[in-house]
Amino acid sequence: MNRGILSETEENEIEQILHNAVKSEIKEDVLEIEKNEESSDGNVYVINCKNNKYIAKVYEDKKHAKSMIDLHKKLFQLNINVPNIVYTNYPNENENKCIVIYSFICGEQITNTLQDGKVEEVLITEIAKRIRKMHDVTCGENEFNLPALPFDTWNSRKALVHFDLTKSNIFLDENNDIAIIDFDDAKYGSAIYDISILISTFFFSKKRGVDMIGMNKFIDEYYGKDDELKKVEVPLIKESAIQWIKYLLEEDKISESLIDSFNTKIKLISENL
């Protein structure tokens with residue numbers, strides 16, 4: 001991934017490549033290309049056209065780019081609502097950067113749909129079913145050549161792990177369907193970690209406390225009638241959630257302003273799970 005700061009010349013070159021790609025391959029006229037300044041990797045662009053909008057990502061690591069391309073293609077083909085790839089210059093060996101242009105999912109982040117800080121039960125149900133399907137269709141071999149989880153205590157149900165299932169990466173699209181975006185931190189490992197990450201971010205909060213009703217609703221909907229799997233994995237959620245939070249804190253993966261909030265999550269999870 002491109003984690004460096006590009007020069008003005010490089011930025012202009014990338015914008016020109018994006019402009020030409022949209023015009024020649026997607027057959028649309030570009031109105032404006034904006035760099036997403038909120039991207040931690042500095043590699044995300046929003047392309048505004050007359051009729052549509054697109055998200056472009058610029059990768060220096062071609063192996064990672066291929067993983068993202070293969071992952072999005074498979075999930076999209078299996079009717080999991082993720083951004084569709086509409087253009088990529090991969091595997092052009094003459095290019096030192098890999099460009100991937102994704103469809104733009106119109107809608108709003110789950111954060112914008114909250115009632116009193118909580119996710120509605122109907123949305124919890126749909127989110128749980130979507131994530132379970134994502135795990136089911138990727139369970140088995142590491143077909144996308146994703147990096148292994150930096151920690152993985154468990155040795156069961158290895159699958160694609162989104163690894164960043166926060167409210168900002170789950171959308172309610174214009175058709176009221178659940179969509180999942182931003183797989184750039186995806187790993188391969190025990191699916192229980194995605195469950196634990198989502199539970200930590202959705203149902204444990206320094207500001208709002210603990211939403212046990214919402215958490216139990218998510219767990220019940222995720223496992224459905226799979227009682228044996230539920231019996232094995234639910235007892236692992238507490239330790240997995242704490243592992244993830246400690247990893248973020250120890251590796252400086254979160255901003256200083258959120259450290260206290262995440263330490264509070266550890267306390268709440270330890271006391272309530």
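Q: What span does α3 reach from its first C-alpha to its last, and what is expected at 1.5 Å a residue?
A: In this predicted model, α3 has 18 residues and reaches 26 Å. The expected span is 1.5 Å times one less than the number of residues. For α3 that comes to 26 Å, and the helix is close to it.

Q: Which residues of α3 are buried?
A: Buried means under 20% relative accessible area. The residues of α3 that meet this are Leu123, Ile124, Thr125, Ile127, Ala128, Arg130, Ile131, Arg132, Met134, His135 and Thr138.

Q: Why is His135 called buried or exposed?
A: The relative accessible area of His135 is 1%. The cut-off for buried is under 20%. His135 is therefore buried. This residue lies in helix α3.

Q: What does His135 touch, leaving aside residues up to four places away in sequence?
A: Contact means heavy atoms within 4.5 Å. By that test His135 touches Arg157, Ala159, Leu160, Ala191, Asp194 and Tyr222.

Q: Where does Arg157 lie, and what is its phi?
A: Arg157 lies in the loop between α3 (121-138) and β7 (158-161). Its phi is near 50 degrees, a positive value in a residue other than glycine. Most residues other than glycine have a negative phi.

Q: Why does Arg157 count as buried or exposed?
A: Its relative accessible area is 15%. Buried means under 20%, so Arg157 is buried.

Q: Why does Asp252 count as buried or exposed?
A: Asp252 has 68% relative accessibility. Exposed means over 50%, so Asp252 counts as exposed. Its place is in the loop between α7 (237-250) and α8 (259-272). Asp252 also has a positive phi, near 55 degrees.

Q: Which residue with a positive phi follows α3?
A: That residue is Gly140, with phi near 125 degrees.

Q: What is the omega of the peptide bond from Tyr90 to Pro91, and is the bond cis or trans?
A: Omega is near 10 degrees, and the bond is cis. Most peptide bonds are trans. Pro91 lies in the loop between β4 (85-88) and β5 (98-103).

Q: How do the residues of the lining of the second largest pocket divide?
A: Four are nonpolar, five polar and three charged. Asp, Glu, Lys and Arg count as charged. The lining includes Lys53, Asp173 and Glu174. Tyr, Phe, Ile and Cys count among the nonpolar types, and Tyr54, Phe104, Ile105 and Cys106 are also in the lining. About 240 Å³ of space lies in this pocket.

How values were computed. Residues are numbered from 1 along each chain as its sequence is written. This is a predicted model: local features need pLDDT of at least 70, side-chain atom pairs count only at pLDDT 80 or more; totals for chains, interfaces and linings use all residues. Side-chain values use heavy atoms; hydrogens and water are left out. Helices (H or I, at least four residues) and strands (E, at least two) are DSSP runs, numbered from the N terminus. Buried means under 20% relative accessible area, exposed over 50%, partly exposed in between (1.4 Å probe, protein chains only). On a 1 Å grid over the protein atoms alone, a cavity is a set of points where a 1.4 Å probe fits but cannot get out, and a pocket is an open set with protein on both sides within 12 Å along at least five of seven lines; lining residues have an atom within 4 Å of a point. Grid points are joined across faces, edges and corners, and a volume is the space filled by probe spheres set on the points.
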